[in-house]
Amino acid sequence: MLYENLTEKRADPLTGEKQENPITGETGPGTGLEDLLPLPAENAQDILQSKKAFDKSAGGLEDGHTLSHALATEDHKLKGAAQLKTEKEVSNLGWNEPKREVAAPLVGGIDNEELWLLVRRFNKQIIHTKAVVTPVPGGLDLNTAEEEEFSPDKMRANIERLYTTVLVGILAGVKHVARLRSWREKERTAWFAGVYFVAWLFDFIMPLITGVIIALIVHPPTRELLFPPAPIALVDPKTGGVQKPWAGTLGSKDSATGAPENHKGEAVEQEADNLVHGLAELAVSSAAGKHPAGDVQDKTKKPMELAMWAKLRPVMQVIGNTSDNWERLANALSPTPPFPKDTHRLRLAILVIPLFGTSLFVTSYMFVKSLTFFFGFGMFGDPVVRPGMEYLNRVIPHWQKLLELRNTLLKGVPTNAQLTLTLLRTGEANKAPLPPVPRVIEQPIQDPAHCPAPLDSEAQMRAEAAVVPLEASPSELDEAAHTDPKDSLRDAGFDVDSHPKDKQTKKSHKVLGWIKNVTAGVVHTGGATDHVRAKLGAHHAKERLGVVPPKDEVPVSGPVKFDCRYDGKKGHAYISTTATIPSVAFVAGKEEARTTVIAGKEREDLQPMWTVAVADIVELKKVGGYGWKAKIVVDWSMEREVKDGLEIVTRDGKAFRVTACPLRDELFNRLVAMGGQRWEVW
């Protein structure tokens, strides 16, 4: 079995009781003594070298050969609603219900808001998956394929993910350093300064730094004690004091602007979306400045385009890998159930402990001497380094891959996508699929702590800034309340007060409204034309039927039946888990009577046009109802969200594409989490 120490459910061979790790006290998959060491698995080299399948059939969740499958099917001590055993065919835990009606917590140890944040970002990040029949690196599937296809949508998703994970985290760190340097939190800064200079006086800086790092890793309460959190938008990065949030109110604590949100994380996601929009506009504006055309420029255009597209895929992969490792590190330091609580943290600490011990004896002279030696060896040691590298490549092929963080230090630690897949599998293992993120139509509350409140909530800002840790004085609060964060941009010469919409005249509004109505009419006409062409057998027209929903339509389907179309025919995709072989089937609205089993019940009024066993699915790909340009037009002119589709590919190469599916992401999530497949992201 792949990564046997990770996936096996360790139990005493005589009593059958779960074996406990004597150091961490944890039981279950991924908690053995060997898991504390940052070493690759024994068969890791075989994983990289061999492409031979070790299992031809995916089977069910219990047959999965990854840590994710093992954790999802484990009997957990801390249970949520989705982890309780049930006699029902499928438990409905709040599909299509408002937030307050959804069972809480859905998964033990994680708040529903945090769970929905993960699922929402998973839906945007994971578009195309393929099943692999080889073992997976790091003991977890859903890794990005080396041959991942490049597309503008994927690049956009990667940039947004980089912002929401890495850049916001760095911004929080920068603002925390500003708080420390400002001496506004006098007691805390005094302690930091005093301890630092005492350590400096006795040449104890390195032991101090490594000791603090070990404490932060091993004992989480130390983090809030040394670095008490504060709303990011409320801290001035220059002075470390209080500033008025860019959004004018403090509706979220983990976003750069403080904008209000209905669900946790929505504000920072909107910031990421606006960042990408801004970059796109900048690129278009830059491209608009054309040079005089000439033969030389004509001859360079094509080669430059080819070079750019060739380099964009590696850039996208670097961005993705950076976000992956950042998420893994965060999940190692603050693990989310059902992943082990202490194993991965202790593994990180074990790496730092030798540095702490060494720093007690190594003097500054020895450190500088060693550093300068290695610098010189790196500069002039090529006659030794090159043969050594050639020998290493010959004896241990792919050794660079073997030493990747996901195979060593962060082995068994998930990215957010891998964590989400494990949580989805947990629900499927207990016949309780996780419900989708509740749809909220209302505008977010501007002042979550004191609703109702005025749009520009100064009271909320004052309440947050006056308490620990910021403890701003009344005069500082008055100054922040009357200071516009855009003043620095105005001083730099930017026109931040005017906006194109403010300059539009009444006439231009009428013209824009007329264009919008005409565009909506064109879309309607196109839809009617598609109906005619579909009846004549046009394949592409059939796939576009029903993708534009009626106005104010609220999608209600799942967790068993999903509204969609196949080959232009309106119907439903049904997921059956109680039959002998779990499967997905499409049933058209009007079919001849024939008995079939749907969700464990015999239905004589349904005849599936096709049925696919979940274990036979080898590829899932989200497809758009329209292209991205047409989506923008429909969204603007008709103020409606286009329904998308899903392509299902089986082991024998057959492909089934369902279209016009309002809950396409939820259908994808159920199918990707139900079986024993080991997925790879494409």
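This is a short talk on the fold, cores, cavities and a few unusual backbone spots of one protein chain.

The model is a predicted one, so please keep that in mind throughout. I will start with the overall picture. The chain has 682 residues, and 43% of them count as buried. It contains 23 helices and twelve strands. If we take contacts between residues at least 6 apart in sequence, 70% of these join residues at least 24 apart.

Next, the nonpolar cores. The largest one has 53 residues. Which residues have the most contacts inside it? They are Trp610, Leu667 and Leu671. Helix H23 gives the most to this core, with six residues. Please find leucine 671 on the screen. Setting aside neighbours within four places in sequence, leucine 671 is in contact with Ile575, Val584, Val614, Ile617, Leu620, Leu646, Ile648 and Trp679. There is also a second, separate core, of nine residues, and Ile217, Val352, Leu409 and Leu410 are among them.

Now the empty space. How many cavities of 30 Å³ or more does the structure hold? There are four. The largest has about 90 Å³ of space. Its lining is made of 13 residues, and those that lie nearest the centre are Trp95, Leu424, Leu434, Glu666 and Asn669. Three elements give two or more residues to that lining: helix H4, residues 112–125; helix H15, residues 416–429; and helix H23, residues 664–674. Of these, H23 gives the most, with four residues. By type, the lining of the largest cavity has eight nonpolar residues, two polar ones and three charged ones.

Let us stay with H15 for a moment. Of its 14 residues, 13 are buried, so H15 is largely enclosed by the rest of the structure. We can also check its length. At 1.5 Å a residue, the 14 residues should span 20 Å, and the end C-alpha atoms are 20 Å apart, which agrees. After H15 comes lysine 431, whose phi is positive, near 55°.

The same check can be made on helix H7, residues 205–218. This helix has 14 residues, which at 1.5 Å a residue should span 20 Å, and its end C-alpha atoms are 20 Å apart, so the two values agree. The buried residues in H7 include Ile205, Pro207, Thr210, Ile214, Leu216 and Ile217. As a reminder about helices, an α-helix has 3.6 residues a turn, so residues three or four places apart point the same way. Ile217 has already come up, as a member of the second core.

On to the backbone. Most residues other than glycine have a negative phi, and most peptide bonds are trans. Here are some exceptions. Aspartate 203 has a positive phi, near 55°, and is not a glycine. Aspartate 203 sits in the loop between helix H6, residues 186–201, and H7. Is aspartate 203 buried or exposed? Its relative accessibility is 65%, and the cut-off for exposed is over 50%, so aspartate 203 counts as exposed.

Alanine 660 also has a positive phi, about 50°, without being a glycine. Alanine 660 is in strand E11, residues 655–661. Unlike an exposed residue, alanine 660 has a relative accessible area of 5%, and the cut-off for buried is under 20%, so alanine 660 is buried.

There are two cis peptide bonds to point out. One joins alanine 104 and proline 105, with omega about -10°. Proline 105 is in the loop between helix H3, residues 67–72, and H4. Another joins proline 337 and proline 338, with omega about 15°. Where is proline 338? It lies in the loop between helix H10, residues 295–333, and helix H11, residues 343–359.

Finally, two residues to set side by side. Lysine 238 lies in the loop between helix H8, residues 221–226, and helix H9, residues 266–288. Lysine 238 is exposed, with a relative accessible area of 74%. Its C-alpha atom is separated by 10.0 Å from that of valine 177, and the two residues are 61 residues apart along the chain. Proline 608, in strand E8, residues 608–613, is buried, with a relative accessible area of 13%. The C-alpha atoms of proline 608 and alanine 588 are separated by 7.1 Å, and these residues are 20 residues apart along the chain.

That is the end of the talk.

Conventions:
Residues numbered from 1 in each chain as written. Predicted model: local features only at pLDDT ≥ 70, side-chain atom pairs only at ≥ 80, totals over all residues. Heavy atoms only, no water. 1 Å grid on protein atoms, 1.4 Å probe; cavity = no way out; pocket = protein on both sides within 12 Å on 5 of 7 lines; lining within 4 Å. Points joined across faces, edges and corners; volume = space filled by probe spheres on them. Nonpolar A, V, L, I, M, F, W, Y, C, P; charged D, E, K, R; others polar. Expected span 1.5 Å × (residues − 1). Buried < 20%, exposed > 50% of the residue type's maximum accessible area, 1.4 Å probe, protein only. Core = buried A, V, L, I, M, F, W, Y, C linked by side-chain atoms within 4.5 Å. Contact = heavy atoms within 4.5 Å.
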